[in-house]
Amino acid sequence: MSDAPPSKLLILVGTMTNTAEYVAQAIEMDCGDLIGAIEVRMMDGLDPSVFEEDALYVICTSTYGSGDVPDNAQAFYASLDSQPRFLGHVRYGLIALGDSVQYAATYANGGRRFDERLRDLGAVRVGDPLFLDASTDTEPEAQGVAWCRDWLALALSGAPAQ
Ligand SMILES: Cc1cc2nc3c(=O)[nH]c(=O)nc-3n(C[C@H](O)[C@H](O)[C@H](O)COP(=O)(O)O)c2cc1C
């Protein structure tokens, strides 16, 4: 892997009712001027080999059940346990969707779970996560785009992780 910053952003999406997917697609459409390529990939069928690309990663996932990752993310999340590998080369950002009023006790836990597991495997989170709260009326796509523009600038600057 070269020392140059990656020229690709890969957004991995965990969703049940598509909000996270719409956020990722808005980022794909709006942030293309900041990096060579942006790809949105649903988490269905993924395993840890997805982290072999020379890319920056954003985990964009909602929360279901009692603070679980969504159905389409379950197998991928489990594979990070069953097929563990060192991910020290991986730099990622986190967009965690949830509902702080209806599910206060497990707010945005789907994203928090990925964050914890990726950190355990040595991956480095860049910047603060973005929490998208379904109980507020702010547009998640607009929030996602604004966050990602700042996040990409930080990630591409090679700034140390927080
Ligand atoms: C059955 C159900 C369970 C949920 N469980 C949680 C939860 O435990 N914690 C949380 O923060 N949000 C929870 N949510 C809220 C969703 O994560 C939130 O609405 C999110 O924006 C949905 O995104 P999606 O459309 O990408 O799946 C739940 C929603 C539903 C319908």
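These are my notebook entries on a predicted model, written as I looked things up one by one.

**Entry 1: the ligand**

I began with the ligand and asked which residues are closest to it. They are Thr17, Thr19, Ser62, Gly98 and Tyr103, and the whole shell has 21 residues. Two elements give two or more residues to that shell: helix H1 (19-30) and strand S4 (91-98). Then I sorted the shell by character and found 11 polar residues, nine nonpolar ones and one charged.

**Entry 2: helix H1**

Since H1 had come up at the ligand, I stayed with it. I noted 12 residues in H1 and a reach of 17 Å from the first C-alpha to the last, close to the 16 Å expected at 1.5 Å a residue. Which residues of H1 are buried? I wrote down Ala20, Val23, Ala24 and Ile27. Looking down the axis of H1, I saw that these buried residues fall within an arc of 95°, so they line one face of the helix. Their packing partners are strand S1 (8-14), strand S2 (37-42), strand S3 (56-61), S4, strand S6 (130-133) and helix H4 (140-156).

**Entry 3: Asn18, just ahead of H1**

Next I checked the loop between S1 and H1, where Asn18 sits. Its phi is near 80°, a positive value in a residue other than glycine. I kept in mind that most residues other than glycine have a negative phi. Is Asn18 buried or exposed? I count 12 other C-beta atoms within 10 Å of Asn18, so it is exposed.

**Entry 4: the core**

I turned to the largest nonpolar core, which holds 40 residues. The members that touch the most others are Ile11, Cys60, Tyr92 and Ile95. I picked Ile95 to follow further. Setting aside neighbours within four places in sequence, I found Ile95 in contact with Val23, Val58, Cys60, Gly111, Pro129, Leu130, Leu132 and Gly144. One of these, Val23, I had already met among the buried residues of H1, and Gly144 turns up again among the buried residues of H4.

**Entry 5: helix H4**

For H4 I compared the ends with the expected length. Its 17 residues should span 24 Å at 1.5 Å a residue, and the end C-alpha atoms are 23 Å apart, which agrees. I listed Gly144, Trp147, Cys148, Trp151, Leu152 and Ala155 as buried in H4. Those residues cover an arc of only 140° around the axis, which puts them on the same side of H4. Which exposed residues are on the face turned away from that buried side? Here I found Ala142, Asp150 and Ala153. Covering the buried residues of H4 are, among others, S1, H1, S3, S4 and S6.

**Entry 6: Gly158, after H4**

Past the end of H4, I stopped at Gly158, which lies in the segment after the helix. Its phi is positive, near 75°. With 11 other C-beta atoms within 10 Å, Gly158 is exposed. I also looked up Val126, which is 32 residues away along the chain; its C-alpha atom and that of Gly158 are separated by 9.3 Å.

**Entry 7: Ala108 and Phe131**

Ala108 lies in the loop between S4 and helix H3 (109-120). Like Asn18 in my earlier entry, it is a residue other than glycine with a positive phi, and the value for Ala108 is near 60°. Is Ala108 buried or exposed? It has 26 C-beta neighbours inside 10 Å, so I put it down as buried.

From Ala108 I moved to Phe131, in strand S6. Leaving aside neighbours within four places in sequence, Phe131 is in contact with Ala96 and Ala108. Phe131 counts as partly exposed, with 18 other C-beta atoms within 10 Å. For a longer view, I checked Cys31, 100 residues away along the chain: the C-alpha atoms of Phe131 and Cys31 are separated by 19 Å.

**Entry 8: helix H2**

My last stop was helix H2 (residues 71-82). I noted 12 residues and a reach of 17 Å between its first and last C-alpha, close to the 16 Å expected at 1.5 Å a residue. Asn72, Ala73, Phe76 and Leu80 are buried in H2. They cover an arc of only 70° around the axis, which puts them on the same side of H2. On the other side of H2, I found Asp81 and Ser82 exposed. What do the buried residues of H2 pack against? I wrote down S1, S2, S3 and H3.

Terms used. Residues numbered from 1 in each chain as written. Predicted model: local features only at pLDDT ≥ 70, side-chain atom pairs only at ≥ 80, totals over all residues. Near = placed C-beta within 6 Å. Helix = DSSP H or I, 4+ residues; strand = E, 2+ residues; numbered from the N terminus. Nonpolar A, V, L, I, M, F, W, Y, C, P; charged D, E, K, R; others polar. Expected span 1.5 Å × (residues − 1). Buried ≥ 20, exposed ≤ 12 C-beta atoms within 10 Å, placed from the backbone. Arc of directions from axis to C-beta. Contact = placed C-beta atoms within 7 Å. Core = buried A, V, L, I, M, F, W, Y, C linked by C-beta atoms within 7 Å.
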